[in-house]
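Q: I would like to learn how to read a two-chain model, feature by feature. Where do we start?

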Amino acid sequence: MGITLSGVGKKFDRWIFRSLNLSVADGESVVIIGPSGQGKSVLLKMIAGLLPCDEGQIQVPAHHLGMLFQKNALFDSLTVRENLTFPLRERLGIRGEKAEALSKEMLSAVGLSGSENLYPDEISGGMQKRLGIARALIVDPEILIFDEPTAGLDPITSKKIADLIRSLKAKKKLTSVTVTNDVHRAYQLGDRIFLLSQGRLLGGLSPEQTQKTEIPEIRQFILGLKQGPLTEATVESGGPE
Amino acid sequence: MKVVSAILNDVGGLALFVKDVFQTGFRTEKNVKPILDQIVDVTTRSFTTVAFAGVFVGAILVLQFSLILAKYDAQTFLGGLNTSAVVREVGPLIISFLLAGKVGAFTAAELGTMRVTEQIDAIECLGTNPIQYLILPRFIGIVASSLILLMMSLMISILGSMMVASVTYGIYPEQFLGSIPRFVSFGTLAAGMFKSAVYGIIVAGVACYKGYTASGGARGVGRAVTQAAILTNLYIVIANFLTGQFLDVLSALSKGNAG
Ligand SMILES: Nc1ncnc2c1ncn2[C@@H]1O[C@H](COP(=O)(O)OP(=O)(O)O)[C@@H](O)[C@H]1O
Ligand SMILES: [Mg+2]
């Protein structure tokens with residue numbers, strides 16, 4: 001049981017995208033890249049059930065998913081530890097000693113031991129990202145939705161986080177949809193890579209095929225070329241982060 | 001026309017939101033402690049302000065009423081008139097205005113920030129109903145607190161007025177207290193409680209609604225707080241008129257029981 005999007009569209013004051021089709025197989029990792037402002041975050045929120053479809057439908061089994069938000073969306077009035085014990089209690093009904101033990105284990109897995117009693121505002125951006133990932137993972141999800149898990153991180157931390165995600169996924173055979181603009185991470189994390197641009201999902205190729213593809217938009221994007229079908233209008237102010 | 005339809009939209013949205021809150025199942029194991037926490041929090045945070053307002057409002061009314069009562073040599077009625085005015089009118093109004101400024105603004109800003117930083121989405125993602133987890137405790141907390149604060153401010157205002165009356169006009173405390181039952185019946189108390197509850201629902205409903213539906217970053221939160229403040233005051237003034245009419249009709253129907 002994977003994720004199926006059929007004819008999905010989203011409209012705010014204008015249509016952001018229309019008629020998107022995508023199916024993610026059980027245990028598969030799909031990565032979506034693309035210029036900013038194309039609706040990648042919106043699409044992830046729709047998959048997570050946080051935004052309704054304005055056309056088409058999305059099928060997600062049992063909605064047992066863990067989500068990392070682009071800006072982390074950590075609970076800022078809770079400590080680092082409580083950011084993990086809260087989902088354990090709310091989602092899985094685990095409290096007390098057991099919750100403490102599980103969150104301790106998760107914090108050490110993402111390298112946050114020692115920061116248990118700090119508040120999200122008091123830790124660095126990279127640590128916040130890792131806490132966001134820990135919060136998504138602690139509910140033992142079958143589906144992972146990651147919005148830019150490595151954006152704004154230094155290359156070493158970024159690689160570490162991608163390794164962490166990969167190892168966790170390998171252990172549990174998780175299905176995942178990840179948005180990233182870091183092409184290296186896309187190759188590292190994706191079984192298939194799509195480009196979302198001008199309301200269309202292009203590609204859907206393996207990392208090797210993606211590197212060699214002749215699809216002009218993808219070529220332009222991964223090589224960071226100025227000339228190509230992705231114009232200034234679609235590559236918003238400064239282009240991909 | 002645009003303004004009218006904007007206001008109607010807002011009232012409609014608010015009504016649907018409050019309906020959602022009422023329909024959200026109360027879950028004892030999840031809600032009781034947060035609600036109690038909220039009541040304690042709101043009550044303690046507003047108590048000093050409400051107490052001050054209680055004393056001074058009581059004193060002002062004493063001065064006003066005694067001017068009139070002195071003309072008819074009826075100063076012995078002071079305590080009753082004073083208390084009745086505080087319970088029925090001034091108390092509920094002042095408390096709700098104070099709560100709107102203090103707790104309402106705080107709640108709208110807190111929820112608005114949680115909304116624009118996607119913390120509410122994150123809660124939803126965990127399969128937790130944000131209305132139940134975030135709104136219900138705040139809502140019930142604010143309404144319950146406004147009733148508690150009304151009772152507290154009533155007692156403080158009686159004490160304050162009694163002192164002012166005794167110092168300024170030489171009215172004995174026994175006289176002052178003795179006249180209260182002649183003007184204040186169970187019906188009067190019930191009317192005050194009813195008004196306070198209605199205003200409390202307005203303060204809580206508007207603040208929660210504006211915060212919960214905020215959008216557009218820091219500006220959006222600012223907008224939510226401002227709108228909550230303005231609309232709360234507006235709705236309370238309107239509700240003051242409507243509840244007054246409603247209670248008059250009720251007391252006319254049950255003559256003799258009116259306070
Ligand atoms: N809640 C919203 N209301 C109105 N417009 C929105 C909302 N969320 C996103 N948008 C618009 O949708 C477009 C896509 O946004 P987003 O998904 O964040 O882009 P990406 O993640 O690809 O950078 C943007 O133009 C944005 O302004
Ligand atoms: Mg985005």
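A: Start with a contact across the two chains. This is a predicted model. In it, the side chains of A:K45 and B:E118 form a salt bridge, with N and O 2.5 Å apart.

Q: How many salt bridges are there between chain A and chain B?
A: The count between these chains is one salt bridge. The pair is A:K45 and B:E118.

Q: How many residue pairs are in polar contact across the interface of chain A and chain B?
A: The rule finds four such pairs, with both residues at pLDDT 80 or more.

Q: Which elements of chain A supply at least two residues of the side that touches chain B?
A: Two elements do: β5 (65–68) and α2 (80–92) of chain A. The largest share comes from α2(A), with five residues.

Q: What classes of residue make up the side of chain A that touches chain B?
A: Eleven are nonpolar and six are charged. No polar residues appear on that side.

Q: What area is buried between chain A and chain B?
A: About 1,300 Å². Carbon and sulfur atoms give 59% of that area. On the side of chain A, look at A:L50, A:F75 and A:E90. These supply 36% of the area that chain A buries against chain B, more than any other three residues.

Q: How many residues does each chain bring to the contact?
A: Chain A brings 17 residues and chain B brings 13 residues.

Q: Back to B:E118. Where is B:E118 found?
A: In the loop between α3 and α4 (119–125) of chain B. Check the backbone there too. Phi of B:E118 is near 65°, a positive value in a residue other than glycine.

Q: Is B:E118 buried or exposed?
A: Compare the relative accessible area with the cut-off. Buried means under 20%. B:E118 has 16% relative accessibility, so this residue counts as buried.

Q: Which other residue has a positive phi?
A: One of them is A:Q198, with phi near 45°. A:Q198 sits in the loop between β8 (192–197) and β9 (200–205) of chain A. Its relative accessibility is 44%, so A:Q198 counts as partly exposed.

Q: Now the salt bridges as a whole. How many are there over all chains?
A: The count is 15 salt bridges over all chains. Take each pair, ask what it links, then ask how accessible each partner is. Begin with A:R18 and A:E55, whose closest N and O atoms are 2.8 Å apart.

Q: What does the pair of A:R18 and A:E55 link?
A: Distant parts of the chain. A:R18 is in strand β2 (residues 15–24) of chain A, and A:E55 is in strand β4 (residues 55–59) of chain A. The two are 37 residues apart. A:R18 is partly exposed, at 41% relative accessibility. A:E55 is buried, at 18%.

Q: Which residue forms a salt bridge with B:E110?
A: B:R138 does, with the closest N and O atoms 3.2 Å apart. This pair also links distant parts of its chain. B:E110 lies in helix α3 (residues 78–116) of chain B. B:R138 lies in helix α5 (residues 130–169) of chain B, 28 residues apart from B:E110. At 29% relative accessibility, B:E110 is partly exposed. B:R138 has 11% and is buried.

Q: Which residue forms a salt bridge with A:E90?
A: A:R89, with a closest N to O separation of 3.9 Å. A:E90 is buried, with a relative accessible area of 14%. A:R89 is partly exposed, at 31%. Recall that A:E90 is also among the three residues named for the area that chain A buries against chain B.

Q: Next, cysteines. How many disulfides does the structure hold?
A: Zero over all chains. Test a single cysteine by its sulfur distances. For B:C125, the nearest cysteine sulfur is that of A:C53, 15 Å away. A disulfide needs sulfur atoms within 2.5 Å, so B:C125 is in no disulfide. B:C125 counts as buried, at 10% relative accessibility. B:C208 is buried too, with a relative accessible area of 0%.

Q: Last, one serine. Where does A:S176 lie?
A: In strand β7 (residues 175–179) of chain A. A:S176 is buried, at 1% relative accessibility. Its side chain makes a polar contact of 3.2 Å with that of A:S29. Leaving aside neighbours within four places in sequence, A:S176 also has contacts that include A:V24, A:V30, A:L144 and A:K169.

Technical notes:
Residues numbered from 1 in each chain as written. Chains lettered and ligands numbered in written order. Predicted model: local features only at pLDDT ≥ 70, side-chain atom pairs only at ≥ 80, totals over all residues. Heavy atoms only, no water. Contact = heavy atoms within 4.5 Å. Buried area = accessible area lost by both parts, 1.4 Å probe. Salt bridge = Lys/Arg side-chain N within 4 Å of Asp/Glu carboxyl O. Polar contact = N/O pair within 3.5 Å; in protein donor to acceptor, adjacent residues only side chain to side chain. Helix = DSSP H or I, 4+ residues; strand = E, 2+ residues; numbered from the N terminus. Nonpolar A, V, L, I, M, F, W, Y, C, P; charged D, E, K, R; others polar. Buried < 20%, exposed > 50% of the residue type's maximum accessible area, 1.4 Å probe, protein only.
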